[in-house]
Amino acid sequence: MTTAAKRLPREFRPADVRDAGAEIDVQKVRRDFPILRQRVHGRTLVYLDNAATSQKPQVVIDAIRRYYERDNANIHRGVHFLSEHATEEYEGARRKVQSFFNAADASEIIFVRGATEAINLVAQTYGRTNVHAGDEVLITAMEHHSNIVPWQILCEEKGARLRVAPISDSGELLLEDFEKLLGPRTKIVAVTQVSNALGTITPVQRIIEMAHRGNIPVLVDGAQAAPHLKVDVQALGCDFYVFSGHKVYGPTGIGVLYGKSALLDAMPPYQGGGDMISSVTFEKTIYNKLPYKFEAGTPHVAGVIGLGAAIEYVNGLGMDNIAAHEHELLAYATETVSAIPGIRLIGTAKEKAGVLSFLLDSIHPHDIGTILDQEGIAIRTGHHCAQPVMQRFGIAATARASFALYNTREEVDALAEGMQKVREVFA
Amino acid sequence: MSDLRELYQEVILEHSKAPRNYRELSTANHRAEGYNPLCGDHFTVYLDLEGDSIRDITFQGSGCAISKASASLMTQSLKGKTRAEADRVFDQFHKLVTGQSPANGNRAELGKLSVFSGVSEFPVRVKCATLAWHTLHAALQGKQQTVSTE
């Protein structure tokens with residue numbers, strides 16, 4: 001038995017320690033995440049709610065701490081040492097994000113609070129400028145509320161129409177129906193890359209090709225994709241890409257809007273204030289250049305630096321390795337959970353990432369969640385901020401296990417054992 | 001498992017599987033809907049009020065074991081009671097599930113509803129246990145809008 005395995009509590013000590021992904025030493029990786037060491041209700045924590053938020057490695061926690069202990073200053077405005085240093089760190093993180101997504105230029109990376117704010121920004125600036133009465137915004141039936149409601153607000157204000165491309169019973173986008181909904185009135189397409197409720201990976205490449213044939217810009221919601229898949233915004237050709245830092249092992253309250261510079265340049269500002277201006281008089285204000293035009297006020301400097309550290313951490317492991325590990329783990333979880341009598345999987349698309357949504361007999365997911373919690377297992381239960389997805393499947397809620405780079409096969413086994421307990425309680 | 005057994009007592013499991021008074025009430029003169037947006041639980045409570053007393057009470061909807069059993073046991077315990085009595089039972093029930101009821105306190109009036117004492121160990125489940133009761137409260141007051149636990 002390896003040293004790593006000896007440190008595990010007895011219940012998690014496998015006879016033969018094997019790492020799911022070939023290149024990820026999962027036991028070593030787990031030691032990078034201090035929160036995973038704790039016990040919950042007397043049991044070793046099994047954290048399977050990563051689609052809600054991921055845990056943070058020590059390097060991210062240290063980066064934030066170091067910033068406040070050593071570097072804290074306002075950025076872009078001071079002549080003093082600390083301000084210069086904080087600005088360097090902040091802009092350095094922007095370049096890390098740029099290279100992570102292979103954006104053409106660092107000025108195309110706008111720091112926002114999260115994917116939700118990024119979508120609202122695009123709806124309120126690009127949308128309000130380009131969507132008019134009678135126009136259409138096209139989304140899919142598997143969007144998170146954050147990629148529905150901002151467009152509804154826009155459509156209501158403009159007298160425009162929100163169109164929704166349907167999905168199949170397995171949770172796959174019906175691409176032919178999607179294409180039929182693209183028309184001369186479509187002014188923007190907004191689509192998730194990975195469904196948070198179903199785990200479906202959508203064919204964004206083809207969606208973008210179809211939309212671009214009609215010169216329609218595409219926003220890709222990468223909140224669930226960025227932690228699991230290698231993303232190259234230039235190869236995709238998407239016009240906007242949004243994601244939240246806290247789902248990629250970074251801090252909460254920081255996220256990114258990527259936009260093609262030609263589009264961002266033409267868009268009006270989202271919020272007015274300090275840092276987003278070049279000059280202000282009471283008669284006229286000249287806006288700052290990209291990306292600062294969209295970053296009014298003192299930004300979440302610590303968050304940006306923490307996000308930079310998270311991206312470095314992920315790069316160190318390799319996105320391909322992470323994807324391979326998670327892919328193998330999801331396959332194992334799907335197989336293991338499917339073997340439990342009375343299980344119904346919600347979301348059985350061929351291409352999936354990170355998410356296993358399910359129902360067990362007629363037991364309400366909330367009850368499943370409470371019983372698993374007593375076993376130290378954290379899952380999400382409910383509608384996952386995707387009520388239209390629940391309506392599509394005629395259900396009120398699901399139980400959802402979602403995986404990250406530090407999850408193990410043993411944790412999947414613990415989940416399956418926990419589900420047996422659920423069945424016993426409700427026998 | 002002890003806390004869990006305390007929460008999911010046999011009576012609760014049994015009522016969640018076979019809820020009593022689970023139907024629309026054709027003679028209802030008061031009704032209200034209750035919704036817990038967090039978990040999607042949704043109930044309608046129907047009341048047949050004669051003057052001040054609850055002649056009949058039924059419910060319909062979907063929810064977790066705790067919320068459904070609570071609704072079922074609520075209808076059983078309140079049938080024939082007056083508004084004032086119903087209010088008092090709700091008050092005691094609320095104290096019970098939020099852990100404000102002394103263990104040796106007067107639970108006699110709660111009767112079977114005492115099985116929900118385990119809920120106090122699970123703060124996030126208090127909303128489940130009280131959803132039907134808040135809905136009843138709205139129905140008694142004749143409020144038309146959907147009540148929400150949020």
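User: Which residue in S17(A) does A:Arg380 stand opposite?

Analyst: The model is predicted. In it, A:Arg380 stands opposite A:Arg400 in S17(A).

User: What makes S16(A) and S17(A) a pair?

Analyst: Two strands pair if DSSP finds at least two bridges between them. Three bridges join S16(A) to S17(A), residues 398-402. The cut-off is met, so they pair. They run antiparallel.

User: Where does this pair sit in its sheet?

Analyst: The sheet is open and has four strands, in the order S13-S14-S17-S16 of chain A. The pairing is antiparallel.

User: Why are S13 and S16 of chain A called edge strands?

Analyst: Each pairs on one side only. Neighbouring strands of this sheet are turned by 30 degrees against each other on average, direction ignored.

User: What packs on this sheet?

Analyst: H13(A) does, touching S14 (355-360), S16 and S17 of chain A. The direction of H13(A) makes about 155 degrees with that of S16(A).

User: How many residues does each chain bring to the contact between chains A and B?

Analyst: Chain A brings 14 residues, and chain B brings 14 residues. On the side of chain A that touches chain B, H13 (365-374) and S16 (380-382) each supply at least two residues. H13(A) gives the most, with five residues. By class, that side has six nonpolar, seven polar and one charged residues.

User: Which strands make up the sheet that holds S4(A)?

Analyst: Seven strands form this open sheet, in the order S4-S10-S9-S8-S7-S5-S6 of chain A. The pairing is mixed.

User: Why is one side of S4(A) and of S6(A) left without a neighbour in the sheet?

Analyst: S4 and S6 (161-165) of chain A stand at the edges. Each has a single partner strand, so one side stays free of a neighbour in the sheet.

User: How do you know that S4(A) and S10(A) pair?

Analyst: At least two bridges are needed. Four join S4(A) to S10(A), residues 255-259, so the strands pair. They run antiparallel. The bridge partner of A:Ile110 in S10(A) is A:Leu257.

User: Are the residues of S4(A) such as A:Ile109 buried or exposed?

Analyst: A:Ile109 and A:Phe111 point one way, A:Ile110 and A:Val112 the other way, and all are buried. Buried takes 20 or more other C-beta atoms within 10 Å of a residue's own. These four are classed as buried, so each reaches that count.

User: What sense of pairing do S5(A) and S6(A) show?

Analyst: S5 (residues 136-140) and S6 of chain A pair in the parallel sense over five bridges. A:Ile139 stands opposite A:Val164 in S6(A).

Conventions: Residues numbered from 1 in each chain as written. Chains lettered and ligands numbered in written order. Predicted model: local features only at pLDDT ≥ 70, side-chain atom pairs only at ≥ 80, totals over all residues. Contact = placed C-beta atoms within 7 Å. Nonpolar A, V, L, I, M, F, W, Y, C, P; charged D, E, K, R; others polar. Buried ≥ 20, exposed ≤ 12 C-beta atoms within 10 Å, placed from the backbone. Axes fitted to C-alpha atoms, helices over the stretch in contact; angles between N-to-C directions.
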